[in-house]
Amino acid sequence: MRILFRYCEKGDGATNEDICGNAGHFAWVIDGATDVFGKHCIAEEHEVSMYVNCLTKTIAEIANYYSPQQLGNLVEAAVLSVYNKLNLSEKAAGLPEYMLPTFAIAMVAVEGDNVYYYVLGDCFISYLSSQGVELITDNRITRFSQHNRHLLKKLHEGDKQVQDATSIYQETRAKANAPDGYPIGSICGSGLQNALSGSIRLGLGQKFIICSDGFLDFFRANDCDNRKFFSTHSVQREIDAMNVFLSDERQYHNELRPKKIDDRTLVLVEV
């Protein structure tokens, strides 16, 4: 496995809550969910950024103890280690689980021509097949994201029944790892066992990408040109085109998002 290109940029928020990393057989992207409750159980400022940085560092430190087929075990061990290291059981005492920081993750491990994957939340993995550009992502969160966007549009249009943006996000976040909600990574480890996992076979020299959801809108709108993301010669130009797309006011108001420009992370990998 060879990392050919990586891109990790902050969006409209105060800090970058995305991060990417690699160690041994493994490569990953983590997207921390922006805090909407203000409980600060990890730190008074920038706690999500602090958490994802600590998590990626821990994954890198322990990755060599795990085989490529043990992605879920590696993630669970890293999350538990950070939970203990930051003394989160005490800091989060009494808080409902859904108020704790959450995160999405996409992780891969390459062994020969086998690419093992672990995807939780709306990070995604994409690769080229004979049918075109394939996407591996967790669609269980999609309807909640679409619901948020629908309410944001009604709020923008002046609908008095929609209180405010924060209330929209809090209502959705309360569904994190709930029976009627969506599975997601949590600092206490809930939801991790519900990740999508499996493997694909790619020929030696083939490429795939791991991305945070900051790429997802453009990726879906740009379907015919997404092959350009898989070339070191064109990936940066395609990212530049995406940033223009995300900055467009008409496009944004037509498809309102929680952030006009989200944090964006992409890792291009060669098998």
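Guide: Before we look around, one term: a residue counts as buried when its relative accessible area is under 20%, as exposed when that area is over 50%, and as partly exposed in between. Keep in mind that this is a predicted model.

Visitor: Fine, let's try it out. Why is Cys41 called buried?

Guide: Its relative accessibility is 5%, and the limit for buried is under 20%. So Cys41 counts as buried.

Visitor: And how do you know that the sulfur of Cys41 is too far from another cysteine sulfur for a bond?

Guide: The closest cysteine sulfur belongs to Cys188, and it sits 9.7 Å away. A disulfide needs the two sulfur atoms within 2.5 Å, so this pair is too far apart for a bond.

Visitor: How many disulfides turn up in the whole structure?

Guide: Zero, going by a search of the whole structure. Cys8 is in no disulfide either: its nearest cysteine sulfur, in Cys20, is 4.9 Å away, while the cut-off is 2.5 Å.

Visitor: Is Cys8 buried or partly exposed?

Guide: Partly exposed: its relative accessible area is 28%, and that value falls between 20% and 50%.

Visitor: On to the rings. What makes Phe124 and Phe219 a tilted pair?

Guide: Start with the distance. Their centres are 5.1 Å apart, and rings pair when the centres lie within 6.5 Å. Then the angle: the planes are at 55°, while stacked needs under 30 degrees and edge-to-face over 60. An angle of 55° is neither, so the pair is tilted.

Visitor: Which parts of the chain does that pair link?

Guide: Distant ones. Phe124 belongs to strand S6 and Phe219 to helix H6, and the two are 95 residues apart.

Visitor: Why are these two rings called buried?

Guide: Phe124 has a relative accessible area of 0%, and Phe219 has 5%. Both values are under 20%, so both residues are buried.

Visitor: What makes the pair of Phe144 and Tyr182 tilted?

Guide: The centres are 5.2 Å apart and the planes stand at 55°. That puts the distance within 6.5 Å and the angle between 30 and 60 degrees, so tilted is the word. This pair also links distant parts of the chain: Phe144 is in helix H4, Tyr182 is in the loop between helix H5 and strand S8, and 38 residues separate them. Phe144 and Tyr182 are both buried.

Visitor: How many aromatic pairs does the structure hold?

Guide: Nine. There is also an aromatic cluster, with Tyr7, Phe124 and Phe219 among its members.

Visitor: Now for charges. How do you know that Glu270 and Arg2 form a salt bridge?

Guide: Their closest N and O atoms are 3.0 Å apart, and the limit is 4 Å. So the pair qualifies.

Visitor: Why do you say it ties parts of the chain together?

Guide: Because Glu270 lies in strand S11 and Arg2 in strand S1, with their places 268 residues apart in sequence. Glu270 counts as buried at 17%, whereas Arg2, at 48%, is partly exposed.

Visitor: How many salt bridges are there in the whole structure?

Guide: Four. Another one joins Arg140 and Asp138, with the closest N and O atoms 2.7 Å apart. Here Asp138 is buried at 2%, and Arg140 is partly exposed at 34%.

Visitor: What makes the link between Asp180 and Lys175 a salt bridge?

Guide: Their closest N and O atoms are 2.7 Å apart, which is within 4 Å, so it counts. Asp180, at 43%, is partly exposed, and Lys175, at 27%, is partly exposed too.

Visitor: Which residues of H5 are buried?

Guide: Ile168, Tyr169, Thr172 and Arg173. They span an arc of only 130° around the axis, which means they sit on the same side of H5. The buried residues of H5 pack against strand S4 and H4.

Visitor: Last stop: what is the phi of His40?

Guide: Near 50°, a positive value in a residue other than glycine. His40 sits in the loop between strand S3 and helix H1. Its relative accessible area of 32% lies between 20% and 50%, so His40 is partly exposed.

Notes:
Residues numbered from 1 in each chain as written. Predicted model: local features only at pLDDT ≥ 70, side-chain atom pairs only at ≥ 80, totals over all residues. Heavy atoms only, no water. Phe/Tyr/Trp six-rings, centres within 6.5 Å; stacked < 30°, edge-to-face > 60°. Helix = DSSP H or I, 4+ residues; strand = E, 2+ residues; numbered from the N terminus. Buried < 20%, exposed > 50% of the residue type's maximum accessible area, 1.4 Å probe, protein only. Salt bridge = Lys/Arg side-chain N within 4 Å of Asp/Glu carboxyl O. Arc of directions from axis to C-beta. Contact = heavy atoms within 4.5 Å.
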